[in-house]
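Notebook open, model loaded. I want the overall make-up first, then a small sheet and one helix.

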Amino acid sequence: MDADVPGTVLKRERTRDAVLELIESRSPGDAIPSERALCALLGVSRPTVRAAVDELVAAGLLVREHGRGMFVAPAKITQELVAGDRALGVPQAAGAWSSRLLEFTTLQAGARVGRKLRMSPAAEIVYVARLRLVDGAPMAIEHLHIRAELVPGLSAQELESGDLYEHLRATHGVHVHEAVQAIEPTVVTRAEAGLLDVPELSPALLFERLTSDTTGRPVEYVHSLYRGDRYRIVSRLALGPAAEVAPDPEGHHPGIPPGDFTHGDAITSSTRGDIQAGG
């Protein structure tokens, strides 16, 4: 599938969300409809459904059994790394960061995103897909889902410069305060590999983040795919009391591009991460 054809990124995204909705409504070991049935149900082509299913199989959420069909994968084992109840600073990352917009549109949230943002499935969100680059080389693909009511007049230029949170603060008085983020390994699909300039099925890091404001209202749901050959994560765990250290106002948090969370709003997390572009 040609990732540069208008609408294809969004179509894959919506198909993936629809299949995820089916998975989340079932238990491990339950069957889901065949690819042919999903095509009819979702009104999309077989390659689009196959790409979404391939991604979810690679992510460990679906299991294919030859001659039997597709089934919900066993639940994953989750381990929480605790660093104490304190603000997460924004660590440094090398290189000059920039963005290339892939898609930018307003649409209904749908069941899954609406549930995450605690809004009606019929309510509008701004959907953004952008390619993140470091020194001109592709590093990550980001899918942003933002409450449309919060960002009237949001422009492509703001997104390309990475100034979304500054726009929310300065124009709308929305102060992001907390981000709950999950990270897991995955591999890239053919379309993602083309955008990231890596071979298909290359290792990657999947970030899912839900950002809330100071009132606890969800503002943004993001999932991002980072190249596994260029990033590593180092967690700093608090093992005892230490002197308070002022957070570094510059830098790059895993899954959060430079230009975001760089004007004083802190993010709380169960880990303090450090992500670096490497060779």
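Below are my entries, in the order I looked things up.

**Entry 1, overview.** I'm working from a predicted model. I count seven helices and 13 strands in the protein. Of its 279 residues, 46% come out as buried. I also checked contacts between residues at least 6 apart in sequence: 66% of them join residues at least 24 apart. The exposed surface is about 13,600 Å², and carbon and sulfur atoms supply 53% of that.

**Entry 2, a three-stranded sheet.** In what order do the three strands of the open sheet lie? I read β1-β3-β2, with antiparallel pairing. β1 (31-32) and β2 (62-65) are the edge strands; each has a single partner, so one side of each has no neighbour in the sheet. Next I looked at how β1 is held to β3, residues 69-72: two bridges join them. One pairing I noted down is Ile 32 with its bridge partner Met 70 in β3.

**Entry 3, helix α2.** This helix spans residues 35-42, and I find Glu 35, Leu 38 and Cys 39 buried in it. Why do they sit on the same side of α2? They cover an arc of only 105 degrees around the axis, and that puts them on one and the same side. Turned away from that buried side is a face with Arg 36, Ala 40 and Leu 41, which are exposed.

What do the buried residues of α2 pack against? My list has two helices, α1 (8-24) and α3 (46-58), plus the strands β2 and β3. So two strands from my second entry turn up again here.

Last note: Gly 43 follows α2 and has a positive phi, near 70 degrees.

Definitions and conventions:
Residues are numbered from 1 along each chain as its sequence is written. This is a predicted model: local features need pLDDT of at least 70, side-chain atom pairs count only at pLDDT 80 or more; totals for chains, interfaces and linings use all residues. Side-chain values use heavy atoms; hydrogens and water are left out. Helices (H or I, at least four residues) and strands (E, at least two) are DSSP runs, numbered from the N terminus. Buried means under 20% relative accessible area, exposed over 50%, partly exposed in between (1.4 Å probe, protein chains only). Contact means heavy atoms within 4.5 Å. Accessible areas come from the Shrake-Rupley method with a 1.4 Å probe; for residues, only the protein chains shown count as cover. Two strands pair if DSSP finds at least two bridges between them. The arc is that of the directions from the helix axis to the C-beta atoms.
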